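Reader: Please take me through the assignments made for this structure. I should like to hear the grounds for each.

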Amino acid sequence: MVGNQDNPIDPARPFDSVREYIGGKLSSFVKSDPVLCSLEEGYRYENDWQSFFSKIVEDRAEAPEWSTLKDKERAHWLTHQLFRKLPSPGRVYRFWRACETFFDELLDQFREIVSAHPNRWRTRRVLLEPADGTRSGWEDRETYLGRFRDAPFELVYLEDRKAFVTIANLGRCLEPEEPDDAIRNESQACPIELKGDDGEVCMLRIRAVEAPECLGVYSPLIVLDRSPRRFRVLVPLDRAAACIEAAIAKRRDEFARVWERMPLRIGVVAFPRLTPFQAVIEAARNLEDAMGRQDSELWRLPECRSRRHYGLVAGPSPGPGGGPNTHAASGRPRRCVLPSCAGGRSGAARARDFQYPKGQIYRHMADLRPGDSVAVHPSGIASVFLDSTARRFEKPEVRPLEDFGRMRTTRELLVRYAPSVSALRGAWNEIEERSRSWRDPEGRWFPGA
């Protein structure tokens with residue numbers, strides 16, 4: 001009953017019935033309509049349909065404007081938004097906090113990975129006090145560049161300490177068993193040549209070496225950006241692969257239930273020393289843009305089976321962006337996060353299906369059957385090596401994240417069995433030459449190539 005009248009909405013088909021009801025009311029705007037007032041309290045305070053549509057639909061969804069739609073489409077959008085169940089603020093906050101915790105814990109793992117090194121000097125800083133008679137007038141907090149034992153040697157002068165602090169990887173020039181005063185002893189016999197920002201060259205002899213209280217041990221890691229949406233860090237190149245593996249393993253353990261709905265996209269920018277930092281950041285942004293432009297993919301489910309701890313598990317068929325061992329959907333029948341998933345556009349066919357006004361079908365996890373299609377946002381990985389700063393302008397190739405393990409295995413086999421680096425480069429150049437010569441000018445393979 002609505003007031004003293006019978007309910008005009010058919011309870012057996014509420015969505016379609018409401019859509020038909022709204023479609024029949026679009027010719028005139030009646031503020032006191034009992035059905036619409038019961039569906040949305042703000043309806044009674046509007047003066048026309050266009051204003052109501054703007055606040056209910058256009059302000060909350062990626063929807064066309066009122067003027068571009070017909071009445072049938074307007075009724076569908078209004079019904080969809082009035083019945084649409086949005087996540088509560090508490091659930092959104094829990095997702096946000098879960099991602100923050102994920103990256104906070106991952107950062108701790110990264111610090112352990114990059115700090116693990118057989119040479120203790122890799123993660124140490126020391127204070128170097130200039131010897132008497134050495135040049136005076138060093139600039140406070142200025143960087144001085146030099147070489148020690150044919151390795152890069154970088155120092156920063158601290159005026160308040162009257163000493164230099166090392167800011168380079170001492171593992172390049174000192175062996176693990178060498179004592180703290182090894183640098184001092186050698187600089188007495190052969191002074192270290194340093195160059196400041198002004199280009200002036202000077203010689204440095206060291207009188208004393210000590211470990212600073214607060215800077216004696218450090219992690220060779222710099223955090224550039226840390227948020228639930230973006231996580232950027234600088235790590236040594238020889239530890240990058242281990243950091244990637246840690247991120248993949250942690251994601252697999254903690255985000256299995258929303259694996260392909262909250263994708264992990266990893267971009268790796270490798271660069272040699274003295275590369276302009278602006279080029280590095282620009283390359284990182286280009287990688288992020290390339291991965292952000294990836295569209296969702298439709299995966300066909302060859303099988304659906306139940307598991308005790310995950311409820312329903314649906315595995316996609318092999319193809320671009322996924323493999324046979326990837327879980328496209330998982331959740332608990334009674335309480336699951338995101339219980340419905342996007343599928344094809346074949347029309348609602350099951351009890352809990354609902355159709356987006358643009359045609360997209362959303363299907364409950366428990367209703368998935370072999371042969372259904374599920375839209376997923378696959379995780380990916382892309383990389384660029386800045387052997388030249390011009391590399392940052394090249395279009396990166398985004399690969400499925402599952403390929404990283406196979407890439408690592410292939411590299412280990414090459415390192416283990418390749419006769420030399422020159423032989424590897426020769427083989428790679430041969431492959432590239434054949435790839436060019438066996439294609440036509442438009443990049444298509446010749447027959448049999």
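**Grounds for the assignments**

Author: In this predicted model, residues 24 or more positions apart account for 57% of the protein chain's contacts with a separation of 6 or more. The chain has 10 helices and 20 strands, and buried residues make up 38% of its 449 residues.

Reader: Why is Cys 37 called buried?

Author: Buried means under 20% relative accessible area. Cys 37 has 8% relative accessibility, so Cys 37 counts as buried. Cys 202, at 6%, is also buried by that cut-off.

Reader: How many disulfides does a search of the whole structure find, and what makes a pair of cysteine sulfur atoms a disulfide?

Author: The sulfur atoms must lie within 2.5 Å. The search of the whole structure finds zero disulfides.

Reader: What makes Asn 169 buried, and what is its relative accessible area?

Author: Its relative accessible area is 13%, and the cut-off is 20%, so Asn 169 is buried. Asn 169 is placed in the loop between β4 (163-166) and α6 (182-189). Leaving aside neighbours within four places in sequence, Asn 169 is in contact with Trp 121 and Arg 122.

Reader: How far does the backbone nitrogen of Gly 171 lie from a polar atom of the side chain of Asn 169?

Author: The distance is 2.9 Å, and the limit for a polar contact is 3.5 Å. The pair is therefore within that limit.

Reader: How do you know what span to expect of helix α4 (residues 71-83)?

Author: The expected span is 1.5 Å times one less than the number of residues. Helix α4 has 13 residues, for which 18 Å is expected, and reaches 18 Å from its first C-alpha to its last. Its buried residues, among them Trp 77 and Leu 78, pack against α1 (14-25), α2 (34-39), α3 (49-58) and β16 (354-355).

Reader: Which side chains of strand β5 (residues 192-195) are buried, and what makes β5 and β6 (residues 201-204) a pair?

Author: Along β5 the side chains alternate: Ile 192 and Leu 194 point to one face and are buried, whereas Glu 193 and Lys 195 point to the other and are not. Pairing requires at least two bridges. Four bridges join β5 to β6, so these antiparallel strands pair; Lys 195 stands opposite Val 201 in β6. The two strands form a hairpin with five residues between them, and Gly 199 in the turn has a positive phi of about 85°.

Reader: How many bridges join strand β2 (residues 143-148) to β5?

Author: Two bridges join these antiparallel strands, so the requirement of at least two is met. Gly 146 has Leu 194 of β5 as its bridge partner.

Notes
Residues are numbered from 1 along each chain as its sequence is written. This is a predicted model: local features need pLDDT of at least 70, side-chain atom pairs count only at pLDDT 80 or more; totals for chains, interfaces and linings use all residues. Side-chain values use heavy atoms; hydrogens and water are left out. Buried means under 20% relative accessible area, exposed over 50%, partly exposed in between (1.4 Å probe, protein chains only). Contact means heavy atoms within 4.5 Å. A polar contact is a pair of N or O atoms within 3.5 Å; within protein, one must be able to donate a hydrogen and the other to accept it, and residues adjacent in sequence count only if both atoms are side-chain atoms.
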